[in-house]
Amino acid sequence: VQLQASGGGLAQAGGSLRLTCAGSGRTFSNYAIGWFRQASGKEREFVTAITQSGRDSNYVDSVKGRFTISRDNARNTVYLQMNSLNVEDTAVYYCAAGQIRTHVAGAYEFWGQGTLVTVSS
């Protein structure tokens, strides 16, 4: 499956952005989708993931209560709603597709190109 992440940009601290991960090429609903991020000079970090059906999701502690992942399989799309942004959320955000919902990056087979989120104070 090919993945296209979009929706990044510049936001002020306390603001919101919504990222989109659009899939094509294979049956999108067959894949769990994860979001990861990588800040400059840091390792890639798990953010959140959602099951194929959209019923279950999990989050890294630092975004719980602020970020929400959802999916619309009819549109082959996963969304990441990010609220109450802070400067520590600044990173390139990547979506990835795999067989299971996991925080382990290596378990995902397909990756999008990334979208940059910059949060200013």
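**Exercise 1.** In this predicted model, find which residue of E8 stands opposite Ile69, and place the pair in its sheet.

*Solution.* Start with the residue itself: Ile69 faces Leu80 in E8. Next, look at the strands: E7 and strand E8 (residues 77–82) pair in the antiparallel sense, over 6 bridges. Now step back to the sheet, an open one of 4 strands in the order E1-E3-E8-E7 with antiparallel pairing. Its edge strands are E1 (2–6) and E7 (67–72), each pairing on one side only. From one strand to the next, the twist averages 15 degrees.

**Exercise 2.** Work out which residues have the most contacts inside the largest nonpolar core, then follow Tyr93 outward.

*Solution.* The core has 35 residues, and those with the most contacts inside it are Trp35, Phe67, Met82 and Tyr93. Strand E9 (residues 91–98) supplies the largest share, 5 residues. Setting aside neighbours within four places in sequence, Tyr93 touches, among others, Trp35, Phe67, Leu80, Met82 and Arg37.

**Exercise 3.** Is Arg37 buried or exposed, and which salt bridge does Arg37 form?

*Solution.* First, accessibility: buried means under 20%, so Arg37, at 6%, counts as buried. Then the partner: Arg37 forms a salt bridge with Glu45, with the closest N and O atoms 2.7 Å apart. Glu45, at 29%, is partly exposed. Now widen the view: Arg37, Glu45, Arg66 and Asp89 are linked in a network of salt bridges. Within that network, the side chains of Arg66 and Asp89 meet at 2.8 Å, N to O. Arg66 lies in the loop between strand E6 (57–59) and E7, and Asp89 in the loop between E8 and E9, so this pair ties together parts 23 residues apart in sequence. Both Arg66 and Asp89 are buried.

Definitions and conventions. Residues numbered from 1 in each chain as written. Predicted model: local features only at pLDDT ≥ 70, side-chain atom pairs only at ≥ 80, totals over all residues. Heavy atoms only, no water. Pairing = 2+ DSSP bridges. Helix = DSSP H or I, 4+ residues; strand = E, 2+ residues; numbered from the N terminus. Axes fitted to C-alpha atoms, helices over the stretch in contact; angles between N-to-C directions. Core = buried A, V, L, I, M, F, W, Y, C linked by side-chain atoms within 4.5 Å. Buried < 20%, exposed > 50% of the residue type's maximum accessible area, 1.4 Å probe, protein only. Contact = heavy atoms within 4.5 Å. Salt bridge = Lys/Arg side-chain N within 4 Å of Asp/Glu carboxyl O.
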